[in-house]
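Me: I want to learn to read cysteines and strands in a model. Can you take me through one?

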Amino acid sequence: MLKDLLSPAECGMLRSLIDGAHNIVICCHVNPDGDAIGSSLGWAEYLKTLGKEPAIVVPDQFPDFLQWMPGTDTIVRYDRRKDEADALFAGSDLVFCLDFNQPSRTDAMADALVGAAAPKVMFDHHLAPDMPGCALMVSRTEMCSTSEIVFRVVWQLGGFDRLGAAFAAPVYCGMMTDTGGFTYNSTRPGIYFIISQLLTKQIDKDKIYRNVYNNYSENRLRLVGYVLYRKLVVDKARHAAFFTLTRRDLLDFHFIKGDAEGLVNIPLQIKGLKLSISLREDRDRDNLVWVSLRSVDDFPCNKVAEMFFNGGGHLNASGGRLNCSIDEAVEITKRAIAHFEPTLK
């Protein structure tokens, strides 16, 4: 059985905020991943059982391999429907901020979010939360995902029995993707109790796995081969590796959102490797490089992200961004690996 996640005071405040709200917005971070979309859809399903009609607003496109989840067709993309999204924020009387720890992580949507007069509630598991003006911050860095937080809140509020597969599938997907298929940050027994309960809602966990991890285009598969054969740089002495994806590479392989998902994990299959870093040029904006980091055991890739890549995250899974050319990003990466050499060996 799960311990309560919220204190009695937090539980009472959350109930009160929901009861008094009529126009609820749920939002998440830029470049939404499985956890951001899964937790948002799951929380929306719970609110519907209370007679609410929440709107989900995301900053930009999310990967095609998440489109199968029930409810994705109702999501409002800020980059495509800005006026509609701005009106939703302006007219809201409650905003849920899911899977991000500060407004800047919503990119162009940040002004609309911050400018909304409605009380805000944050559900998040990232380090260093900084959400000024939040009425309630449910920040639990020990959780494997925001989807786990959503499940545990719903469980504590007594709403799980009223929910079905439309809740369980996205929540399971969010937990699965934010742990790399339960290969990291997923050793607590409570995680598997949650999975056992989600399975009672008749979801097919094997199909969910296939929908996410075996649902790419031919171009994506060829991109993987190209990265491993041509682009991967392995520093055997320091037990680290990195690779670049330039704008030219993205064009050559007809890159779509989500095609780089999981690439950064593959080099960790090399025996003895502790750190893998992906550097990807933005397709549209000059001098913007997206950085993903993965590590194993107790090597803190989040510290690497904080010190060198304007980012952060979890011990074994982090991200960041650099405002520079891809060549400059490579030099920064080399310096980062050299700096952490004593820890990597």
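The dialogue below turns to disulfides, then to one strand and its neighbours.

Reply: Keep in mind that this model is predicted.

Me: How many disulfides does the structure hold?

Reply: Start from the cut-off: a disulfide needs two cysteine sulfur atoms within 2.5 Å. Here the structure holds zero disulfides.

Me: Why is C27 not in a bond with C97?

Reply: The distance rules it out. C97 has the closest cysteine sulfur to that of C27, but the gap is 4.2 Å, too far for a bond. C324 is in no disulfide either; its nearest cysteine sulfur, in C301, is 19 Å away.

Me: Are C27 and C324 buried or exposed?

Reply: Buried means under 20% relative accessible area. C27 is buried, at 0%. C324 is buried too, at 9%.

Me: How many residues of strand β5 are buried?

Reply: Count them along residues 120–124. Five of the five are buried, so β5 is largely enclosed by the rest of the structure.

Me: Which residues lie on each side of β5?

Reply: K120, M122 and D124 are on one side, V121 and F123 on the other. Both faces are covered.

Me: Which strands pair with β5, and how do they run?

Reply: Look for bridges. Strand β4 (residues 94–98) runs parallel to β5, joined by four bridges. There, C97 stands opposite M122. Strand β6 (residues 134–139) is also parallel to β5, with five bridges. D124 has S139 of β6 as its bridge partner.

Me: What links β4 to β5 in the β-α-β unit, and what is its hand?

Reply: Helix α4, residues 110–115, is the helix of that unit. The unit is right-handed.

Methods: Residues numbered from 1 in each chain as written. Predicted model: local features only at pLDDT ≥ 70, side-chain atom pairs only at ≥ 80, totals over all residues. Heavy atoms only, no water. Buried < 20%, exposed > 50% of the residue type's maximum accessible area, 1.4 Å probe, protein only. Helix = DSSP H or I, 4+ residues; strand = E, 2+ residues; numbered from the N terminus. Pairing = 2+ DSSP bridges. Right-handed = clockwise from strand over helix to strand, strands pointing away.
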